[in-house]
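Colleague: I am new to this model and would like a close look at a single part of it, the open sheet and what packs around it. Could you take me through that part slowly and in a connected way?

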Amino acid sequence: MASTEIDALSQALARLPGFGPRSARRAVLHLLKKREGALIPLLRALESVNERLSTCSVCGNVDTRDPCSICADPRRDDRSIAVVEDVADLWALERSRLFPGRFHVLGGRLSALDGVRPEDLTIDRLVTRISQGGVDEVVLAMNATLEGQTTAHYIADRLENFPIRLTQLAHGLPVGGELDYLDDGTLAQALRARRPVS
C-alpha cells in the first residue's frame, strides 16, 4: 500500500472532475514513474498558477493577470460582448476562435432551487458595462438548460432599454447541454446562427 502522502495525493486527484478513485491512482502512478518529466513540471506549473491566479476585474475570467489576456488584447472587438455563465463556457467559446468580441462571466445562473438570485451574479456589472456605451451587440451565450434560459430572459429584460442588439446562441445546441462539453463544430454553428432575442 502507498504512504499516507501518496494516498492523500490520490484522494485529492479523485475530487477533480473526470477523475474517480481508479483513474486518480493511475495518474499518481504515472506521475511517480515519470517524476522528472511529469511530476516536477506539474508541481512547478501548479505553484506558478497558485501564486499568480486572479479573477479579471473587467470580465470575470480566470487568468494570471488582471485584466486577463482577452480583455488586454487590443485586437478584440469592443462592440460585442458574449455573456456566459462561467469561465468554462468562456474557454469553450474562445476555443472555437469564432467570436472576436469581449466576454462577461456571470459566475453562475439563476436558480430558485439552489437559491441563486440576480444579486448573486454579476448582472449589475454587466448593465454598468453596457451603460458606459460603445457596445452594439450582447450575445446571451447561456447553456440550453431551464436555468440558463431563465437567466437569459432576465438579462434581456434588464437590457431592453439600451440601444443594443440582443442575440442568443442558436438552439442547435442540445437541450440540457452545457457549452464546455460540446465539440468545436457545434459551437461554431451555434455562434454563426445566433439570432435576436424576442
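Modeller: What follows goes from the chain as a whole to the sheet, then to the helices beside it, and ends with two single residues. Please keep in mind throughout that this is a predicted model.

The protein chain has 7 helices and 7 strands, and, read along the sequence, these follow the pattern α-α-α-β-β-β-α-β-α-β-α-β-α-β. Along its principal axes the C-alpha trace spans about 65 × 35 × 35 Å. Of the 198 residues in the chain, 40% are buried, and among the contacts with a separation of 6 or more, 57% join residues 24 or more positions apart.

The part you ask about is an open sheet of 5 strands, whose order is 4-3-5-6-7 and whose pairing is mixed. Strand 4 (101-105) and strand 7 (195-196) stand at its edges, and because each has a single partner strand, one side of each is left without a neighbour in the sheet. Further in, strand 3, which covers residues 77-84, pairs with strand 5, residues 137-140, in the parallel sense and over 4 bridges. One place to look for this pairing is Ala82, whose bridge partner in strand 5 is Val139.

Helices lie across these strands. Helix 4, made of residues 87-96, lies across strand 3 and strand 4, and runs at about 160 degrees to strand 4. Helix 6, made of residues 146-159, lies across strand 3, strand 5 and strand 6 (165-168), and its direction is at about 160 degrees to that of strand 5.

Helix 6 also has a helix as a packing partner, for helix 5 (residues 123-131) packs with helix 6 at an angle of about 40 degrees, the two axes being 11 Å apart. The crossing of helix 5 past helix 6 is right-handed. From helix 5 the contact is made by Ile123, Asp124, Leu126, Val127 and Ile130, and from helix 6 by Tyr154, Ile155, Arg158 and Leu159. Sorted by character, the residues of this contact are 7 nonpolar, no polar and 2 charged.

Helix 7, residues 184-192, has Leu187, Ala188, Ala190 and Leu191 buried. Seen down the axis of helix 7, the buried residues fall within an arc of 165 degrees, so they line one face of the helix. In general, an α-helix has 3.6 residues a turn, so residues three or four places apart point the same way. Helix 4 is included in what covers the buried residues of helix 7, and this is the helix that lies across strand 3 and strand 4.

Cys59 leads back to the edge of the sheet from another stretch of the chain. Cys59 sits in the loop between strand 1 (54-55) and strand 2 (62-63), and it counts as buried because its relative accessible area is 1%, under the cut-off of 20%. Beyond its neighbours within four places in sequence, Cys59 is in contact with Cys68, Cys71, Phe103, His104, Val105, Arg125 and Arg129. Cys59 and Thr122 are 63 residues apart in sequence, while their C-alpha atoms are 9.4 Å apart in space.

Finally, Ser10 gives a view of another helix, since its place is in helix 1 (residues 4-14). Ser10 is buried, with a relative accessible area of 11%, and, leaving aside neighbours within four places in sequence, Ser10 is in contact with Ala24, Arg25 and Val28.

Methods
Residues numbered from 1 in each chain as written. Predicted model: local features only at pLDDT ≥ 70, side-chain atom pairs only at ≥ 80, totals over all residues. Heavy atoms only, no water. Helix = DSSP H or I, 4+ residues; strand = E, 2+ residues; numbered from the N terminus. Buried < 20%, exposed > 50% of the residue type's maximum accessible area, 1.4 Å probe, protein only. Contact = heavy atoms within 4.5 Å. Pairing = 2+ DSSP bridges. Axes fitted to C-alpha atoms, helices over the stretch in contact; angles between N-to-C directions. Arc of directions from axis to C-beta. Left-handed = near helix turned anticlockwise from the far one by under 90°. Nonpolar A, V, L, I, M, F, W, Y, C, P; charged D, E, K, R; others polar.
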